[in-house]
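Visitor: I would like to go through this model and ask what stands behind the terms used for it. Please set each value against its cut-off.

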Amino acid sequence: MISMSTRCVPLLSVLLLLLAFRNGVSFLLPSASCITTSSKSRATVTNTLLNYSQQRDVYTMEAWAIENGYQKVDGVELYSEGDDDWSMMTNTDIPAGTTIMFIPSTLVLSSDAIVKEYGSNFDLELTENALKQMERDLAKRLPLFRLLVKILAEYEKGENSFYAPWINSFPTQYYNGVSMTDACFACLPPYAALLSMNERNAYSRFLNAIRKGFLPLNPDVTGDDSVMKFAYNVALTRFHEVFEPTRQKLIAPMADMINHSSEPNAEISFDTENNCYVTAIADIYAGSPLSVSLGDPTDPTPLFAKYGFLPTGCNTIFCKAIHLEPQINELGYEFNQLLFQTDTGEVYPAVWDIFLLKILHDYDADLASQFTMACQNSDEATKETFHSNYFAYTLEALREHVYSILKDVDQMTM
């Protein structure tokens, strides 16, 4: 009988090559043929739209935040390596447990507060009902929709907006799923394409709901695709979600400048009044960037779809076997169970199970049913017998899957 760990060994060299996929996809992103970007020279409407400069004005934003109650420990500074990609770093040691930054609720954008702010002047409920009628699952995204409405309303005010310095600090180019075209989706592996398309489809629904005209927003703003995509990407890539006392999405200026890491050294939290705190969860040494977790590092594809980047440094990567979704659903597995261990070559048990189930489905439906029952009943002895008997076939299927990904990567990076 072959143990699970023994079955992992023959794939070690192949699995390590999957790292090339993680790095290879990022080479695709700047391609002008498959990425749409928000224009740096925006359409202008007199006295309504902000006048964006080519460079991000982050220091005016920081001065505005300090003037309005933002506090930070000494040594924490805005930082850029010169490519207009800004983050936060510290020039002094920061012990774990230190409150690094404080952003008062008066600066924080809250999806709950937006409902109260626009309840009397905006027909927000009518627009949200129109959105839910397009797709039931979009009800889960209503907090994000409210942030989008708020950003558009502030954008429309131009320099008269309280948030003008913050909005002027934003990047104007995004490389996530919302910014991709059909040509880009065609280049991606199936799971990455699926999640990226989901983001763009949600944006399209938001766009259609707003353009129904129920909200008193300037048609020159809502009719400008580049402005709408820009505002949506700001809301999508900068929010943090809380569930107490109610589920809502919040954006805290300055805290939203902290980048992601698979091994974060800080976390962002909010109190019941929506004041924001950035706290060190590990000792942070001078010269280090501040970092937070924006998602599960073992499944980086959602980060790619939402933010447009793939993290480095995590020791597991997701098995992108979206073509086996029927088998995944039949066994009751979640996508985050389908992992490869990059440093040891280990293939997680759920990956072996779904590939074997597909083989059994193609070979003998009765055997497939027996194996499914064994998985659902946690009958490890029966499962191991199946895996032992069909190991050679499962291994070959896994190899073909890995090689197909590497072939795609070669084509994308030629």
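Guide: This is a predicted model. A place to begin is helix α15 (residues 365–376), whose axis comes within 8 Å of that of α16 and crosses it at roughly 135 degrees.

Visitor: Why is α15 called oblique to α16?

Guide: Angles over 145 degrees count as roughly antiparallel and those from 65 to 115 as roughly perpendicular. The crossing is at roughly 135 degrees, which fits neither class, so α15 is oblique to α16. The crossing is left-handed.

Visitor: Which residues make the contact between α15 and α16?

Guide: On α15 they are Leu-367, Gln-370, Phe-371, Ala-374 and Cys-375, and on α16 they are Thr-382, Lys-383, Phe-386 and His-387.

Visitor: Lys-383 also pairs with Glu-380. What makes that pair a salt bridge?

Guide: The cut-off is 4 Å between a side-chain nitrogen of Lys or Arg and a carboxyl oxygen of Asp or Glu. For Glu-380 and Lys-383 the N to O distance is 3.9 Å, so the pair qualifies. The two residues are 3 apart in helix α16 (residues 380–389), which means they are separated by about one helical turn.

Visitor: Are Glu-380 and Lys-383 buried or exposed?

Guide: Buried means under 20% relative accessible area, and exposed means over 50%. Lys-383, with 8%, is therefore buried. Glu-380 has 49%, which lies between the two limits, so Glu-380 is partly exposed.

Visitor: How do you know that Lys-150 and Glu-154 form a salt bridge?

Guide: Their side chains meet at 2.7 Å, N to O, and the limit is 4 Å, so the pair counts. Lys-150 and Glu-154 are 4 residues apart in helix α6 (residues 142–156), about one helical turn. Lys-150 has 6% relative accessibility and Glu-154 has a relative accessible area of 4%; with the limit at 20%, both are therefore buried. They also belong to a network of salt bridges that links Glu-117, Lys-150, Glu-154 and Lys-157.

Visitor: Which parts of the chain does the salt bridge between Arg-238 and Asp-256 link?

Guide: The closest N and O atoms of Arg-238 and Asp-256 are 2.8 Å apart. This pair links distant parts of the chain: Arg-238 lies in helix α11 (residues 225–238), and Asp-256, 18 residues apart from it, lies in the loop between β7 (248–251) and β8 (259–260). Arg-238 at 8% and Asp-256 at 14% are under 20%, so both count as buried. The structure holds 13 salt bridges.

Visitor: How many residues are in the largest nonpolar core, and which have the most contacts inside it?

Guide: The largest nonpolar core has 72 residues, and Met-88, Ile-100, Met-101, Ile-103, Leu-152, Trp-166 and Tyr-232 have the most contacts inside it. Its largest share, 10 residues, comes from α6. Leaving out residues up to four places away in sequence, Leu-152 touches Ile-210, Leu-217, Val-221, Val-227, Met-228 and Ala-231. A second, separate core has 24 residues, including Ile-328, Tyr-333, Val-351 and Leu-367.

Visitor: What share of the protein chain counts as buried?

Guide: Of its 414 residues, 52% count as buried. The chain has 17 helices and 13 strands. Among contacts with a separation of 6 or more, 73% are between residues 24 or more positions apart.

How values were computed:
Residues numbered from 1 in each chain as written. Predicted model: local features only at pLDDT ≥ 70, side-chain atom pairs only at ≥ 80, totals over all residues. Heavy atoms only, no water. Buried < 20%, exposed > 50% of the residue type's maximum accessible area, 1.4 Å probe, protein only. Core = buried A, V, L, I, M, F, W, Y, C linked by side-chain atoms within 4.5 Å. Contact = heavy atoms within 4.5 Å. Axes fitted to C-alpha atoms, helices over the stretch in contact; angles between N-to-C directions. Parallel < 35°, antiparallel > 145°, perpendicular 65-115°, else oblique. Left-handed = near helix turned anticlockwise from the far one by under 90°.
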